[in-house]
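Trainee: I would like to learn how to read some features of a protein model. Could we go through them one at a time?

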Amino acid sequence: MNRIIHILQMAGLSWFVPLVRMASGENPKEQLQQLWLVMGIPVVALITFLFLWGQLAKNIETSLGQIPGPSQVLQEARGLLQEHRNEREREAAFYQRQQERNAERLAADPNAEVRWRTYSGRPTYIDQIITSLKTVFMGFILATLFAVPIGIFCGLSPTVNSAFNPIIQIFKPVSPLAWLPIVTMVVSATYVTSEGAWFEKSFLNSAITVTLCSLWPTLINTALGVSSIDKDLMNVGRVLQLGWWTKITKLVLPSSLPLIFTGLRLSLGVGWMVLIAAEMLAQNPGLGKFVWDEFQNGSSQSLGRIMVAVLTIGLIGFLLDRIMYTLQSLFTFSDKR
Amino acid sequence: MHSRFTLTRITRCLSKFAAASFFGWMISTQSMAATPKIGKPEKDELKFGFIKLTDMVPLAIALDKGYFEDEDLFVTLEAQANWKVLLDRVIDGALDGAHMLAGQPLGSTVGFGTEAHVVTAFTMDLNGNACTLSNAVWEELKKNVPTENGKPIHPIKADYLKSIIEKQRSAGNPFRMGMVFPVSTHNYELRYWLAAGGIHPGFYAPHQGDIAGQINADVLISVTPPPQMPATLEAGTINGYCVGEPWNQQAVFRNIGVPVITDYNIRNNVAEKVFGVSKAWADKHPNTHVRVVKALIRAGKWLDDQNNANRKEAAKIISQPHYVGADYAVIANSMTGVFEFEKGDVRPAPDFNVFFRYHATYPFYSDAVWYLTQMRRWGQIPEDKPDSWYQDMAKKVFLPEIYRQAAEQLIAEGKMLKQDFPDFATETGYRSPTHTTFIDSIAFDATKPNEYLQQLPIGLKAGEVIKDGKVVKKP
């Protein structure tokens, strides 16, 4: 049972721990109280929030339409899923037709030139979510690759830290929409898209903007984590005359991992927020573009669809954070274990 | 006697001559009868951009009705955030081509804004815009406008707006209006309408870094993205705007504004949107370009077919979220040939959008020259240019030869008739000066642009330039 509880806690699903304890017969009354605290109250709060939302939405009527209530948002969400299914059917039909057409051609003349095309339909809501996720991960990985090594050097050497500090402080507060035109120009000039390029320019623009905005938390936290290593450990390293690579991988990284992971979690959170803004202008076909296109539509369903997007963005951000938390528990040694 | 011209010799010469001319005749009729088929497209997977306005409909129809597929082209249509992003993406190659404002290829090639050689071989539509004022301004304006049977007489000239603008200015509150892009057709139409009413819309001075366009202005005109126009109108940030559909009818539906004039009444039947590509792309993909124009011509014809019979279906198609997305009811009015001014005041407007009639799709040089004259009028072209410059620029940007190739292909394939097109043998590319009626009745002769500029009441005249915020005459 302890193992199950341990796994649940690592996965961030600590709400189910009281249930497991109750099932194994521990003090039920205490566990019920715990359950109420951990699961009951949040559920009640959510229901109250939905109720209030529904009531307020009916009363607010702007010239751009009524604020959609929860039931309308649910309806729009269903509509989006249905559109996704329809598009997938069309795609399947297209591939079917292509298969038959090419088989016919080959049957008539084995040397005929056949062309296999990918379906050029428009991205559905689910496709857009996946594009956003891919972009944010690309940006996040680039940010990590830059920030962690620089952070380690800053942490190990006070000179390097002084050198980088002003640059970090100046560029940290810059918003993604300010970076975007510069990034667009640089990418346009240096990355030549031809038939079969790996990445589209809009994808690169969004990913690089995410990198520029989200590398600062990782950098600062890594530097902090490295600089606050126990001095005794560093002395041991000197006594054993460890090479710098061993020193970093065996001493520095393991002891500063908690702070590095905190930095990574913050970076991913910031990156996800920045992505939505960057996509709106960079035309990367993800959630940000979905929101902007719906705004441009101005139809009576638009506000509802935008609310669906807002909730999706929030839920995905929450999930990403949970995943990072789990990874952190897996990889770090904390005194809580 | 030996004569050089013996009978046999003469007969031999004559028969050779006859044979040669017979062969020549044969060859010429063959080439007239069989137009060589356009070769395979160099690139068949294309991405075109558009802005969510109802006149992107030819692209939607060409895609949904399979006209692109008939030309072996596999097209994706992608909505863009705004006109600037769209133009930049065409120039840098992320998009193969796009639904563009008629002024965009001209502005870019001339060098106002991002400089790049952009061309067009197809006019997507004529007309299609309107100017809307806020409810507060309309209430004031209504008092000045003469009525007939209780309804205001249209077209409403900007003269009636003058006193309202003066009143606001003297109260320290400048009159503001929005349009979509500095080289947009809406900008020129709005300025034309205001100037015809004696109101100064402002000058540009790009050579001195001033691209706000508000020098000496009675009305401050600025760029506002179309989806934000209803909100900014309601908030009072602007007092009116000039934009394409569905944003004028949206204002009426939501009770936040009243359209007062359509551009059909300001100046009718001049190119509004064009299908633009970069020159580099056009040079690299000549066959593809002709095929795209072929598909678009067919779409244009379908839209105007049988006196707009297909317009309802077209409105349904573009009300889907991935095209224009506005509600069907809002789009239907203008697409089916009526226009609602004040709430309840619905008037017929059969030529509000013209997609094929009056040879709408042919890229006339005279349309290009008109836009260039307006660019000069308001200072976007800072200095005088000789008449020949206007004609050369028009020829650089508008490519009727490609349109002609596309049209001839369609005729040869039997998909369209010769009567659908202008007579290519005699077409000069210049419309007659009586083709367009302007609200101030000044006729436009595209062959004499400088003379035309002299006749316009407000605007830079020959020899004038802007220096430090003032109009000075160059010595």
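Trainee: Is A:Arg305 buried or exposed?

Mentor: This is a predicted model, so every statement here is about a prediction. In it, A:Arg305 has a relative accessible area of 4%, which is under the 20% limit, so the residue counts as buried.

Trainee: Which salt bridge does A:Arg305 form with A:Glu83, and what is the N to O distance?

Mentor: The general idea comes first. Side chains of opposite charge can pair when their charged atoms come close. Here the side chains of A:Arg305 and A:Glu83 form a salt bridge at 3.3 Å, N to O. A:Arg305 belongs to helix H12 of chain A and A:Glu83 to helix H4 (residues 70-108) of chain A, so the contact ties together parts that are 222 residues apart in sequence. A:Glu83 is partly exposed, at 34% relative accessibility.

Trainee: At what N to O distance do A:Arg305 and A:Glu294 meet?

Mentor: That salt bridge is at 2.9 Å, N to O. It links A:Arg305 in helix H12 of chain A with A:Glu294 in helix H11 (residues 287-297) of chain A, 11 residues apart. Both A:Arg305 and A:Glu294 are buried.

Trainee: How many salt bridges are there over all chains?

Mentor: The count comes to 36 over all chains. One of them, in chain B, joins B:Asp263 to B:Arg267, with the closest N and O atoms 4.0 Å apart. B:Asp263 is buried at 1% relative accessibility, and B:Arg267 is buried at 0%. Elsewhere, shared partners connect B:Lys37, B:Glu71, B:Arg291, B:Lys294, B:Glu413 and B:Lys415 into one network of salt bridges.

Trainee: Back to helix H12 of chain A. Which residues make a nonpolar surface patch with A:Phe318?

Mentor: A:Phe318 is located in helix H12 (residues 302-331) of chain A. The patch covers about 400 Å² and is made by A:Leu13, A:Trp15, A:Phe16, A:Leu19 and A:Phe318. A:Phe318 has a relative accessible area of 42% and is partly exposed.

Trainee: Now the rings. How should I describe an aromatic pair, and how many are found over all chains?

Mentor: A pair of aromatic rings is described by the distance of the centres and the angle of the planes. A search of the whole structure gives 30 aromatic pairs over all chains. Among them is the pair of B:Phe203 and B:Trp378, with 6.2 Å centre to centre and 40° between the planes, which is tilted. B:Phe203 lies in strand S9 (residues 203-205) of chain B and B:Trp378 in the loop between helix H16 (365-377) and helix H17 (387-397) of chain B, so the pair links distant parts of the chain, 175 residues apart. B:Phe203 is buried at 4% relative accessibility, and B:Trp378 is buried at 0%.

Trainee: What is the geometry of the pair B:Tyr362 and B:Tyr403?

Mentor: The ring centres of B:Tyr362 and B:Tyr403 are 5.3 Å apart and the planes are at 80°, so this pair is edge-to-face. B:Tyr362 is in the loop between strand S16 (346-348) and H16 of chain B, while B:Tyr403 is in helix H18 (residues 400-412) of chain B, 41 residues apart. Both B:Tyr362 and B:Tyr403 are buried. Ring pairs also link B:Tyr188, B:Tyr192, B:Trp370, B:Tyr371, B:Phe438, B:Phe444 and B:Tyr452 into a cluster.

Trainee: How many disulfides does a search of the whole structure find?

Mentor: A disulfide is a covalent bond between the sulfur atoms of two cysteines. The search finds 0 over all chains. For A:Cys154, the nearest cysteine sulfur is that of A:Cys213, 19 Å away. A:Cys154 is buried, with a relative accessible area of 3%.

Trainee: Why is there no bond between B:Cys242 and B:Cys131?

Mentor: The sulfur of B:Cys242 is 3.2 Å from that of B:Cys131, its closest cysteine sulfur, and this is too far for a bond. B:Cys242 is buried, at a relative accessible area of 1%.

Trainee: Last, the strands. Why is strand S3 of chain B described as largely enclosed?

Mentor: Strand S3 (residues 97-101) of chain B has 5 of its 5 residues buried, so the rest of the structure largely encloses it. Strand S1 (residues 45-50) of chain B runs parallel to S3(B), joined by 2 bridges, and B:Gly49 stands opposite B:Ala98 in S3(B). Strand S14 (residues 271-278) of chain B pairs with S3(B) in the antiparallel sense over 4 bridges. There, B:Ala98 stands opposite B:Gly276 in S14(B).

Key. Residues numbered from 1 in each chain as written. Chains lettered and ligands numbered in written order. Predicted model: local features only at pLDDT ≥ 70, side-chain atom pairs only at ≥ 80, totals over all residues. Heavy atoms only, no water. Patch = residues over 30% accessible without salt bridge, like charges linked within 9 Å, V, L, I, M, F, W, Y side chains within 5 Å. Areas by Shrake-Rupley, 256 points an atom, 1.4 Å probe, with all protein chains shown as cover. Buried < 20%, exposed > 50% of the residue type's maximum accessible area, 1.4 Å probe, protein only. Pairing = 2+ DSSP bridges. Disulfide = S-S within 2.5 Å. Phe/Tyr/Trp six-rings, centres within 6.5 Å; stacked < 30°, edge-to-face > 60°.
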